[in-house]
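Thanks for coming. I have one structure to go through today, and I will take it region by region. Please have the sequence and the coordinates open.

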There are 2 protein chains.
Amino acid sequence: MAQSSAPSVGSVARALDLVELIVGGPENGMTLSEIAKAVGGSKSAVLATLRTLVDFGYLRIVDPGPKYLPGMMLIRLGDLASARDPLITIARPLLEELSAKSGLTIRVARNDGGYPVFIYRVDGPGFVRFHTPLGIRELPHVSSAGKAILAELTDEEIESVVKESGLISRTKNSITKVAELKKELEHIRKVGFATDDEEDAQGIFCVGATFFDHFGKCIGAISATGVKTDMTDAQVSSLGKLIIKYADRVTDEIHGRKISRRAR
Amino acid sequence: MAQSSAPSVGSVARALDLVELIVGGPENGMTLSEIAKAVGGSKSAVLATLRTLVDFGYLRIVDPGPKYLPGMMLIRLGDLASARDPLITIARPLLEELSAKSGLTIRVARNDGGYPVFIYRVDGPGFVRFHTPLGIRELPHVSSAGKAILAELTDEEIESVVKESGLISRTKNSITKVAELKKELEHIRKVGFATDDEEDAQGIFCVGATFFDHFGKCIGAISATGVKTDMTDAQVSSLGKLIIKYADRVTDEIHGRKISRRAR
DNA sequence: AACGGTGTTCGGCAATACAGAACGGACATT
DNA sequence: AATGTCCGTTCTGTATTGCCGAACACCGTT
């Protein structure tokens, strides 16, 4: 999947492929044969790797079958990584406050080379549960957090990201033309927050705003997500003010706590 | 760390040791030399493994240094594993409802061979943030969830678990004698819920109750955690009724949704 | 009862993951 | 400014070890 220029360990890569396969696999687990066939390896080699992963809790076995399922160590590592992340630690109480105040789902994303990577989420009380994945690069041009981050980049960086990710159309509102995107980013710079008006999913509306480290570099964005029908122009405007206010509070906290700059 | 009887893959085990080391390591990351020294391997071999883990997002590098930190894939995998876990999916709305109603921190644990393994948590609105890890076996005798689970085991199973885990004293209230524990478990069976009266940590009070799969087997427990000073006898009693009610609702949902039985 | 499908075990070969030394750069010290 | 020490990185050889394929054992079905 991932590619680097330098020496790496093949058996580890194969093992991690297995984890991803099973985590993304069927709800009720996968059998050894299915897994071996999926990765194109021998059953004996795959079995040894699976055993190692089970020993470490990355996978677990359910009988009868036996079938392999995601293990509880994954939950543990995710929880620990979240608890240790200074940005999440800073943002969490603010997100919870904002979610309680607005009744919306609030998320925080890192700026990962121009792409938004959501790392924490506080669900609103609504019945609608969005399946918003964490910890992975999202399309930058169809989310409010992504567009807010894009608006902080230079023109060269924007073009580079857009060329790489492509202006994929997710709904009929998605921005698919570079010129249109640039105009939108200009507007975002003016008002200070970005919107997502059903550009990623039908019926979903978001607003987002960026925050900055002590070098002044944009290191991420927060966003609020709700259903489109709830949104009048006046509400968008006041929600925009609110999201800017909380993004600024994140910035303030970062400056107060001297958060470390992100890696490249 | 973990041990099995069968063939396993050494380089994968070493790689996963690295992940645990770094996740449990210092806040600002570890350098290659530190890591190599900690695991007792050569720098070149450790470097190759680290590169692989970075490629897959399990670790990330921050400059300058370079230092290695937990990567965002860990958050992603934890989130996915949670989202896929049928027990978490069932329990989550109930936990949130109970947390909102009681103002307490609510957790759900699996019964993992007699040990409680907390897999999801809904923090209460209080200022006190408990560092309650997820995804790992906890001491059974010092938590309400653990004691509630123990109370569902046979005498042989109880003795086996207690012999293995040991009746370690965490506070002056911790139960350290087997006879006392059995008496307590008898009481729990009678009233239907378990308490933790500052047995794990000073000033912390919990109540917990179990739920069951469609074989009638106890597969876990939920618990509510608060500060001791808030707890009058009357409140403990009404909280006990409440936790039983919600645990029963979890059981009902499990039966309705035909959850799969746990391994073993 | 025999077959297709499992998961598991066992040798043998070759790939490959490891160790160690040598390089090059950054920083601190003198 | 020069030197020394630490770091990360690269390289090459060696032997470890992880892989394959076949054979075995086990259910369920036909």
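Let me begin with one residue pair: A:Ile204 has A:Val227, in β7(A), as its bridge partner. That pair sits in a predicted model, so please keep that in mind throughout. The two strands involved are β6, residues 204-212 of chain A, and β7, residues 218-227 of chain A; they run antiparallel and are joined by 9 bridges.

Now the sheet around them. What is the strand order? In chain A it reads β4-β3-β7-β6-β5, an open sheet of 5 strands with antiparallel pairing. The edges are β4 (115-122) and β5 (194-197) of chain A, each of which pairs on one side only. Ignoring direction, neighbouring strands of this sheet are turned by 25° against each other on average. Packed on the sheet is helix α5 of chain A, residues 86-102, which touches β3 (105-112), β4, β6 and β7 of chain A. The direction of α5 makes about 65° with that of β4(A).

Chain A also has a hairpin. Strands β1 (residues 59-62) and β2 (residues 67-70) of chain A run antiparallel and are joined by 4 bridges. Within the pair, A:Arg60 stands opposite A:Leu69 of β2(A). There are 4 residues between β1(A) and β2(A), and in the turn A:Gly65 has a positive phi of about 155°.

Next, a helix pair. Two packed helices are described by the angle between their axes and the distance between the axes. For α2 (residues 32-39) and α3 (residues 43-55) of chain A, the axes come within 9 Å and cross at roughly 110°. Because of that angle, α2(A) is roughly perpendicular to α3(A). On the α2(A) side the contact is made by A:Leu32, A:Ser33, A:Ile35, A:Ala36 and A:Val39, and on the α3(A) side by A:Lys43, A:Val46, A:Leu47 and A:Leu50. By class, that contact has 7 nonpolar residues, 1 polar and 1 charged.

Some of those names return at the DNA. Strand C is surrounded by 20 residues, and the closest are A:Gly10, A:Leu32, A:Ser33, B:Ser42 and B:Ser44. Which part of DNA strand C do the atoms within 4 Å of the protein belong to? Sugar or phosphate accounts for 65% of them, and bases for the rest. For individual contacts, an N or O atom in the side chain of A:Ser33 is 2.5 Å from a phosphate oxygen of strand C. A:Lys43 has a polar side-chain atom 3.2 Å from a base nitrogen of that strand, and A:Arg51 has one 3.4 Å from a phosphate oxygen. Helix α3(A) gives the largest share of this surface, 4 residues. The surface near strand C divides into 5 nonpolar, 11 polar and 4 charged residues.

Then DNA strand D. Here 19 residues surround the strand, with A:Ser42, A:Ser44, B:Gly10, B:Leu32 and B:Ser33 the closest. Of the strand D atoms that come within 4 Å of the protein, 62% are sugar and phosphate. A backbone N or O atom of B:Leu32 lies 2.9 Å from a phosphate oxygen. B:Lys43 places a polar side-chain atom 3.1 Å from a base nitrogen, and B:Arg51 places one 3.3 Å from a phosphate oxygen. On this surface the largest share, 4 residues, comes from α3(B). The classes are 5 nonpolar, 10 polar and 4 charged.

That is what I have; questions are welcome.

Methods. Residues numbered from 1 in each chain as written. Chains lettered and ligands numbered in written order. Predicted model: local features only at pLDDT ≥ 70, side-chain atom pairs only at ≥ 80, totals over all residues. Heavy atoms only, no water. Axes fitted to C-alpha atoms, helices over the stretch in contact; angles between N-to-C directions. Parallel < 35°, antiparallel > 145°, perpendicular 65-115°, else oblique. Contact = heavy atoms within 4.5 Å. Nonpolar A, V, L, I, M, F, W, Y, C, P; charged D, E, K, R; others polar. Near = heavy atom within 4 Å. Polar contact = N/O pair within 3.5 Å; in protein donor to acceptor, adjacent residues only side chain to side chain. Pairing = 2+ DSSP bridges.
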